[in-house]
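Please examine the sequence and the structure shown here. The paragraphs that follow explain selected parts in turn.

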Amino acid sequence: MRPKLVVGNWKMHGSRQQVTQLLEGLKQGNEGLSKDVAVAVAPSHLHVGLANELLTGSQIALGAQDLHPGEEGAFTGAVSAPMLADYGVSYVIVGHSERRQFFAETDAVVAEKFLAAQEHGLRPILCIGESLMQREQGLSEQIVLSQLDAIVAAAGVQAFRDAVIAYEPIWAIGTGQTATPTEAQQVHWILRDHLAELDAAVASGVQLLYGGSVKSANSGKLFREPDIDGALVGGASLKAEEFLAICKSADF
Ligand code: PEP
């Protein structure tokens, strides 16, 4: 069985005090969790340094929400993979739908970020997912496979040996409307099956997370589906007790 992974995406939330409180709460509550469930949090870039200090010696891994594909240079406001690695970051989210929508990130840019992350030892969490309109037009499968194939074309299927994929239907993000476990499982199976046509070992090893209004009330059922290996959690990751309850529901 693949190990589970639960990642909190804190988005543009948190003060120094809130970050400290949240991480202290998570560190305490995380202690009893089995080693089969990995937990990571992705604070804002500004809070990565603080989080790195607070997480020293804990089992909770540090993630980031985005990166620039270049190593360094005149890119005002941007943060590179080596900078993140220098601050103890091990996971980085790439291609989140909010980046695609509000920052006009294309599949090509997402692929560059994915490659830059891996080059510097970071594990990319590739987000893919269809909009409500695309879903209503019956295009869900086509959209997620084309987003996945953009990375396969740029990086090769072997790149998924050390990467994570998060299926995040846009209509479920922050809306309180979750895909049912059966709906999510179906898409996850399509993704794994697609990768299996290219490389069976990569497909069976890659961690496929679900994201979109995950909370402790629905996570246990999602995690029991055979191709759902964890979750990328937005809103519910901002409360220690709720996020820990989600992580615990992956421990079975
Ligand atoms: C996300 O933005 O990655 C996400 C899944 O958000 P939420 O859990 O709030 O829907």
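**The ligand and two helix pairs**

Of the 14 residues around the ligand, those that come nearest are Lys11, His96, Glu168, Gly174 and Ser213; a residue counts as near if one of its heavy atoms lies within 4 Å of the molecule. This is a predicted model, in which local features need pLDDT of at least 70 and side-chain atom pairs count only at pLDDT 80 or more, while totals for chains, interfaces and linings use all residues. Residues are numbered from 1 along each chain as its sequence is written, and side-chain values use heavy atoms, with hydrogens and water left out.

Oxygen atoms of the ligand take part in polar contacts, that is, pairs of N or O atoms within 3.5 Å. A polar side-chain atom of Lys11 lies 2.5 Å from a ligand oxygen atom, and a polar side-chain atom of Glu168 lies 2.8 Å from one. For Gly235, a polar backbone atom is 2.9 Å from an oxygen atom of the ligand.

Helices are DSSP runs (H or I, at least four residues), numbered from the N terminus. Helix H10 (residues 216-223) and helix H11 (residues 240-249) have axes, lines fitted to C-alpha atoms over the stretch in contact, that come within 8 Å and cross at roughly 20 degrees. H10 and H11 are therefore roughly parallel to each other, a term for angles under 35 degrees. In their contact (heavy atoms within 4.5 Å), Ser216, Ser219, Gly220 and Phe223 of H10 meet Glu242, Ala245, Ile246 and Ser249 of H11.

Helix H7 (residues 140-155) and helix H8 (residues 181-198) pack at about 40 degrees, with their axes 11 Å apart.

Notes:
Axes fitted to C-alpha atoms, helices over the stretch in contact; angles between N-to-C directions. Helix = DSSP H or I, 4+ residues; strand = E, 2+ residues; numbered from the N terminus. Polar contact = N/O pair within 3.5 Å; in protein donor to acceptor, adjacent residues only side chain to side chain. Parallel < 35°, antiparallel > 145°, perpendicular 65-115°, else oblique.
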